[in-house]
Amino acid sequence: MVKAAKRPGGQKTEKDPSIFSQEYFLQNQADLMSSLCLIIMSGLLFKPTRALSAKFCFVQHNTTNLTDPEIKPMYKVGQADVLVTVFYSLLCIAVHAVENEYFWEKIARRLRLSKTRLSEFMALGSTLPYHIAIVFGAVYVMKEEGLLLDPMALLTTVPVVEMPMLMKFYWLLILSFALHQYPEMYFMRVKNEEMPNKIIGYTALIVPMTAAYITGLVYPGTVVLIIHCLIEIMNAIATVMDCVGKQELAQPFYKMWSVGFIPARATITGLCALTFFNIQGAEGVSPVRLLACTIVLGGMVALQFYLAANFIHTVLSWRSDAKEVELAQKKADNFWQQRKEANKEAKKARAEKRVAKEAVVAGKTD
């Protein structure tokens, strides 16, 4: 934000940044993105632009007759999904900006965090509602599809060529959220040295999701999203609690995150293996689709092994640092203990010298 300038009498006046400047875009990102979305949606009111605007706002590529109420609408993957993803990623940017400005930034100002802690607080705290929404949205979609009571149907329905409207819309929203994180780095003023790691992390999320959506692995992919987001929710809650000074509340979530991380990766790996063997025996799967699904599942398994190895390396480094800190603390305690004993000895020696001196003076007086 631009700092307010002071008048001669001490009264403050707000200084607006120049139009089209970097600060202007950073301050008005929510207004700009929401206005762009309104322009696209307003095209639905006019006949010449209605068809074009509909490609941005509504799910496309229907394969069934929508006029028959008895037939369940089914949709396939198509090129128009790119426009829908871009449109809803703009909405994600606007919602994210409003969330940060009216909630997370106000809390951060009261806490007066350091730059490092503020970066962690804003990064994990602002994405926490999205991860919660992903989990609840996935559960709702699975409930509507009747998969909660019959989870094994997830393996018998892959890979799919067509999917219900609710499932496709859910996945388009997920891809929109993943896509909006790239420009969000600019709006969140992420440092240049932090960008490579964030870009790698975002790419490791959006590439497997996009591949799963294109190849028709949306049903097992939904379960993978639930498992992944539950672990991320534990980590985000623990970090937020730690930043606000509630370490006693953060510790249980840190433990759940650390204990559940490896089993979560193992569960995802097992689900990918079951899906692979189920596809091998499925009928009507073309060799090209089979190869594509195999590559996607193999990449997912490799990603889980990488995340698990990185997690183990991080935990071991934390323990090593903790041991070094403990050793340094012991050395410091021993130093001060020796210093204290030395002071006692010196004080005792001075007292004995004083007594001896007093005795000599007393002898001379006698």
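Let's start at a loop: R189 has 47% relative accessibility, so R189 counts as partly exposed (buried is under 20% relative accessible area, exposed is over 50%, and partly exposed lies in between, with a 1.4 Å probe and protein chains only). You'll find R189 in the loop between α7 and α8, and although R189 is not a glycine, R189 has a positive phi of about 55°. Most residues other than glycine have a negative phi. H61 does a similar thing, with a positive phi of about 65° and again no glycine. The place of H61 is the loop between α3 (47–57) and β3 (74–75), and H61 counts as partly exposed because its relative accessibility is 26%.

A word on the ground rules. This is a predicted model, where local features need pLDDT of at least 70 and side-chain atom pairs count only at pLDDT 80 or more, while totals for chains, interfaces and linings use all residues. Numbering runs from 1 along each chain as its sequence is written, and side-chain values use heavy atoms, with hydrogens and water left out.

Now zoom out. The chain has 11 helices and 4 strands; these are DSSP runs numbered from the N terminus, H or I with at least four residues for helices and E with at least two for strands. Of the 366 residues, 34% count as buried. Take the contacts (heavy atoms within 4.5 Å) with a separation of 6 or more: 70% of them are between residues 24 or more positions apart.

What holds the middle of the picture is nonpolar packing. A nonpolar core here is a set of buried Ala, Val, Leu, Ile, Met, Phe, Trp, Tyr and Cys residues joined through side-chain atoms within 4.5 Å. The largest such core has 67 residues, and Y170, W171, L217, V218 and Y219 have the most contacts inside it. Helix α9 (residues 218–243) gives the most to this core, 13 residues. A second, separate core has 6 residues, among them W104, A108, M122 and C243. C243 counts as buried because its relative accessibility is 8%, and C293 is buried too, at 1%. A search of the whole structure finds 0 disulfides, a disulfide being a pair of cysteine sulfur atoms within 2.5 Å.

Back to Y170: leaving aside residues up to four places away in sequence, Y170 touches I134, G137, A138, V141, T222 and L225. I134 and L225 turn up again in the lining of the largest cavity, along with H131, I174, F177, L205, M209, H228 and C229. On a 1 Å grid over the protein atoms alone, a cavity is a set of points where a 1.4 Å probe fits but cannot get out; a pocket is an open set with protein on both sides within 12 Å along at least five of seven lines, and lining residues have an atom within 4 Å of a point. The search finds 1 cavity of 30 Å³ or more, and the volume of the largest is about 40 Å³ (the space filled by probe spheres set on the points, which are joined across faces, edges and corners). Helix α9 gives the largest share of that lining, 3 residues. The lining divides into 7 nonpolar, 2 polar and no charged residues.

The second largest pocket holds about 290 Å³ of space. Of its 14 lining residues, Y130, A133, I134, L173 and I174 are the closest to its centre. Helix α7 supplies the largest share, 6 residues, and the lining divides into 13 nonpolar, 1 polar and no charged. For both linings, Ala, Val, Leu, Ile, Met, Phe, Trp, Tyr, Cys and Pro count as nonpolar, Asp, Glu, Lys and Arg as charged, and the others, Gly among them, as polar.
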